[in-house]
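Welcome! Here are some exercises to help you find your way around a new structure, each followed by a solution that goes step by step.

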Amino acid sequence: MDTLSRLAATIAARRTADPATSWVAKLHSRGLPVIARKLGEEAVETVVAALSGSREDLVGEAADTIFHLLVLLDAKGVSLDEVLAE
């Protein structure tokens, strides 16, 4: 299992965890609009880092974007495999 698949599985497992102890569960408890906005926020931060930040900034923001994309996919019942197949 590769890194992205492991991350997707971890996100799925934490979906129903205690929102007080899991960021994934907290996002899910707040609903799809919050999850989608968080992904948008991270995507914008990634663009800003690409244009004016350091390489380290870009790496961190890209990781946040990928993470939040996987949370959104999970919330919508879309598997990583479906996306990769596309």
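## What surrounds α4

The buried residues of α4 are covered by elements that include α1 (3–14), α2, α3 and α5 (80–85). Helices here are DSSP runs (H or I, at least four residues), numbered from the N terminus. This is a predicted model, in which local features need pLDDT of at least 70, side-chain atom pairs count only at pLDDT 80 or more, and totals for chains, interfaces and linings use all residues. Residues are numbered from 1 along each chain as its sequence is written, and side-chain values use heavy atoms, with hydrogens and water left out.

## Exercise 1: α4 itself

Find which residues of α4 are buried, and compare the reach of α4 with its expected span.

*Solution.*
- Step 1. Start with burial: Glu61, Thr65, His68, Leu70, Val71, Leu72, Leu73 and Asp74 are buried in α4. Buried means under 20% relative accessible area, exposed over 50%, and partly exposed in between (1.4 Å probe, protein chains only).
- Step 2. Now the length: α4 has 21 residues, and from its first C-alpha to its last it reaches 30 Å, close to the 30 Å expected at 1.5 Å a residue. The expected span is 1.5 Å times one less than the number of residues.
- Step 3. Look just past the end of α4, where glycine 77 takes a positive phi of about 75 degrees.

## Exercise 2: the two sides of α3

Work out which residues of α3 are buried and which exposed residues lie on the face turned away from them.

*Solution.*
- Step 1. Check the helix: α3 (residues 32–52) has 21 residues that should span 30 Å, and its end C-alpha atoms are 30 Å apart, which agrees.
- Step 2. List the buried residues of α3: Val34, Ile35, Lys38, Leu39, Glu42, Thr46 and Ala49. They cover an arc of only 140 degrees around the axis, so they are on the same side of α3. The arc is that of the directions from the helix axis to the C-beta atoms.
- Step 3. Turn to the face away from the buried side of α3, which carries the exposed residues Pro33, Arg37, Val44, Leu51 and Ser52.
- Step 4. Ask what covers the buried residues of α3: the cover includes α2 (23–30) and α4 (55–75).

## Exercise 3: α3 against α4

Describe how α3 and α4 pack, then look at the contacts of glutamate 42.

*Solution.*
- Step 1. The axes of α3 and α4 are 8 Å apart, and the two helices pack at an angle of about 160 degrees. Axes are lines fitted to C-alpha atoms, for helices over the stretch in contact, and angles run from 0 to 180 degrees between N-to-C directions.
- Step 2. α3 and α4 are therefore roughly antiparallel. Angles under 35 degrees count as roughly parallel, over 145 as roughly antiparallel, 65 to 115 as roughly perpendicular and the rest as oblique.
- Step 3. Glutamate 42 is found in α3 and is buried, with a relative accessible area of 4%.
- Step 4. Leaving aside neighbours within four places in sequence, glutamate 42 is in contact with Glu61, Asp64, Thr65 and His68. Contact means heavy atoms within 4.5 Å.

## Exercise 4: α1 and α4

Find how α1 and α4 cross, and which residues alanine 8 touches.

*Solution.*
- Step 1. The axes of α1 and α4 come within 10 Å and cross at roughly 55 degrees, and these helices are therefore oblique to each other.
- Step 2. Where they meet, Leu4, Leu7, Ala8, Ile11 and Ala12 in α1 face Ile66, Phe67, Leu70, Val71 and Asp74 in α4.
- Step 3. Alanine 8 belongs to helix α1. Not counting residues up to four places away in sequence, alanine 8 touches Leu70 and Leu80.
- Step 4. Alanine 8 and leucine 80 are 72 residues apart along the chain, and their C-alpha atoms are separated by 7.1 Å.

## Exercise 5: α2

Place α2 against α3, and decide whether lysine 26 is buried, partly exposed or exposed.

*Solution.*
- Step 1. α2 and α3 pack at an angle of about 120 degrees, with their axes 5 Å apart. That makes α2 oblique to α3.
- Step 2. Val24, Ala25, Leu27 and His28 are buried in α2. They cover an arc of only 160 degrees around the axis, which puts them on the same side of α2.
- Step 3. Lysine 26 is in α2 and is partly exposed, with a relative accessible area of 37%.
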